[in-house]
Amino acid sequence: MDARLLLLAAGDNVAVARQEIPADSLVMVAGRQVRLRQALGFGHKIAVKPIREGERIIKYGAPVGRASAAIALGDYVHHHNVRSEYLPNTRAVEAAS
Amino acid sequence: MKGWRRADGRKGIRNHVAVAYLVECAHHVAREIAWPYRDTGRAGAAHAIGFPGCYPNAYAAKVMQRLCTHPNVGAVLLVSLGCEGFNKRSLERAIRDSGRPVMTLTIQDDGGTRSTIDKGRAWVEAQLGELAAQPAEPMAVSELVVGTICGGSDATSGLTANPAMGRAFDFLVAEKAAAIFEETGELIGMEDWMAARAVTPELGEEIKACVAKAARYYETLGYPSFAPGNADGGLTTIEEKSLGAYAKSGASPISGIIKPGDIPPRGGLYLLDVVPDGEVRFGFPNISDNAEIVELIACGSHLILFSTGRGSVVGSALAPVIKVCANPRTYDRMAEDMDVNAGRILTGEADLDTVGREIFDLIRQVAGGAPSKSEALGHQKFILTYKSFSPLGPACLPAVA
């Protein structure tokens, strides 16, 4: 795993950025080099496994939402491809109102 | 550690005079009375607290009574306008029955603003003198009640500060202190894990019901406990934020559920249910972090552990707030406001146990009289609004240690 990324628990399908990583950077994820299509902010998540639509996002060994679209290895993981299993995301609420 | 023993046997780690306004109309007078004595350089100062509403509310009356008879409070001045709905005689009686000096000033009867301020300051000054002469006694960790809350969270909160505070909570519970965590709206998605930690299966069911109530409540409001700043910090969903918030509770068994104003009956870990019962009536359960802090204090918390990633500066009236900063960058920008730099866990300079122990040591220092950062900076924030609660269910406080 890239030193700029933090995998919180073995088996997680996302890792967290320890620092901001600019767009177009090459990062090592699960033994593969991937090019970031957008900047990854400090604390933001990146997929370390391919995630199918509807599959759970696992961080710290716990589910934190479900993929609302298929997510490729190395993709940025946030509101655009994850939905809460409990309540709408704040951003989604804002967009609807 | 040392504390001032009260008639009910509890000990306070501070010896403050509370100046309590009983309606917003009396707020200015109360604030003016307390202001010259807000920082006496001693363990006792005058802090303004109060309830802004004109219409009476059982929850607010209970919280005000608990605060005015809180172990950190040595004397109370009540400031009434005169026509508000608050039952000041009942509050005054409860304070007197607790063995504390109390006086009520009524602005309409005491000559208006200036005259009431003058009378109030004279009384407060005399009380602070009396309190300063009171000897403190040795106090054990087992006599402490500590509350925890997070505010201005980001993705680092759940990685560093919250789990480190959870370790500190485990150390406290091991020494038979009472530790309180709260905000069930921020525990949505964690209910099954939490229920498994309850000391009885019935309490586990109550915990699940508690979180389900919070989920329903926030759904009705159409807004989870999730601010745009949380998303900017990399948190995507309420359950992701919950996972981080949940880490504050540590790993001890959960001994019970309490509601605002309920004092933990013994040491252990308690979940404070802050979401009102019944239909959604008065809006958001807690409109800002200080509303939760006030409830934790009303449950007897001597001091509050506060984790922040984005950089909160809040402190509170009556009880010191210890700020644990989760994000190393935020710490660098706001070191003067932060008591602990838990961001060292992220940069690899410290591990969770080290920071957890540091927090535990700091709790004992602050309880022993050392001011926390927000306390030294004068953050005596206070907010109390309307709520309604049903009494606790019988399974909420099992009679097991």
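Q: Which domains does the domain assignment give for chain B?
A: This is a predicted model. The assignment splits chain B in two. The bounds are 2–137 for domain 1 and 141–396 for domain 2.

Q: What distance separates the centres of domain 1 and domain 2 of chain B?
A: The centres are taken over C-alpha atoms. Between domain 1 of chain B and domain 2 of chain B, the separation is 27 Å.

Q: Which element gives the largest share of the side of domain 1 of chain B that touches domain 2 of chain B?
A: The contact takes 25 residues from domain 1 of chain B and 23 residues from domain 2 of chain B. On the domain 1 side, the elements that give two or more residues are strand 1 (2–5), strand 3 (16–21), strand 4 (46–50) and helix 2 (58–68) of chain B. By class, this side has 12 nonpolar, seven polar and six charged residues. The largest share, six residues, comes from helix 2 of chain B.

Q: Why does chain B count as being as compact as a globular protein of its length?
A: Chain B has 14 helices and 14 strands. For its 401 residues the globule rule gives 21 Å, and chain B is as compact as a globular protein of that length because its radius of gyration is close to that value, at 20 Å.

Q: What percentage of the residues of chain B count as buried?
A: The C-alpha trace of chain B spans about 60 × 45 × 40 Å along its principal axes. Among contacts in chain B between residues at least 6 apart in sequence, 75% join residues at least 24 apart. Of the 401 residues of chain B, the buried share is 58%.

Q: Is strand 8 of chain B largely enclosed by the rest of the structure or exposed, and which residues lie on its two faces?
A: Six of the six residues of strand 8 (residues 145–150) of chain B are buried, so the strand is largely enclosed by the rest of the structure. In a regular strand the side chains alternate between the two faces of the sheet. Both faces of strand 8 of chain B are covered, with buried residues on each: Val145(B), Gly147(B) and Ile149(B) on one side, and Val146(B), Thr148(B) and Cys150(B) on the other.

Q: Which residue of strand 12 of chain B stands opposite Gly147(B)?
A: Strand 8 of chain B runs parallel to strand 12 (residues 303–308) of chain B, and five bridges join them. Opposite Gly147(B) in strand 12 of chain B stands Ile304(B).

Q: What is the hand of the β-α-β crossover from strand 8 to strand 9 of chain B?
A: Strand 8 of chain B pairs with strand 9 (residues 178–182) of chain B in the parallel sense over three bridges. In this pairing, Val146(B) stands opposite Ala179(B) of strand 9 of chain B. The chain passes between the two strands through helix 5 (residues 161–174) of chain B, and the crossover is right-handed.

Q: Is Glu183(B) buried or exposed?
A: Glu183(B) has a positive phi of about 60° although it is not a glycine. Its place is the loop between strand 9 and helix 6 (191–195) of chain B. With 25 other C-beta atoms within 10 Å, Glu183(B) is buried.

Q: Which element gives the largest share of the side of chain A that touches chain B?
A: In this contact, 23 residues of chain A meet 24 residues of chain B. On the chain A side, strand 7 (62–67) and helix 1 (90–96) of chain A are the elements that give two or more residues. The largest share, four residues, comes from strand 7 of chain A.

How values were computed: Residues are numbered from 1 along each chain as its sequence is written. Chains are lettered from A and ligands numbered from 1 in the order in which they are written. This is a predicted model: local features need pLDDT of at least 70, side-chain atom pairs count only at pLDDT 80 or more; totals for chains, interfaces and linings use all residues. The radius of gyration is taken over C-alpha atoms; the globule rule is 2.2 Å times the number of residues to the power 0.38. A residue is buried if 20 or more other C-beta atoms lie within 10 Å of its own, exposed if 12 or fewer, and partly exposed in between; C-beta atoms are placed from the backbone. Two residues are in contact if their C-beta atoms, placed from the backbone, lie within 7 Å. Two strands pair if DSSP finds at least two bridges between them. A crossover is right-handed if, with the strands pointing away from the viewer, the path from the first strand over the helix to the second runs clockwise. Domain bounds come from an automatic or database domain assignment. Ala, Val, Leu, Ile, Met, Phe, Trp, Tyr, Cys and Pro count as nonpolar, Asp, Glu, Lys and Arg as charged, and the others, Gly among them, as polar.
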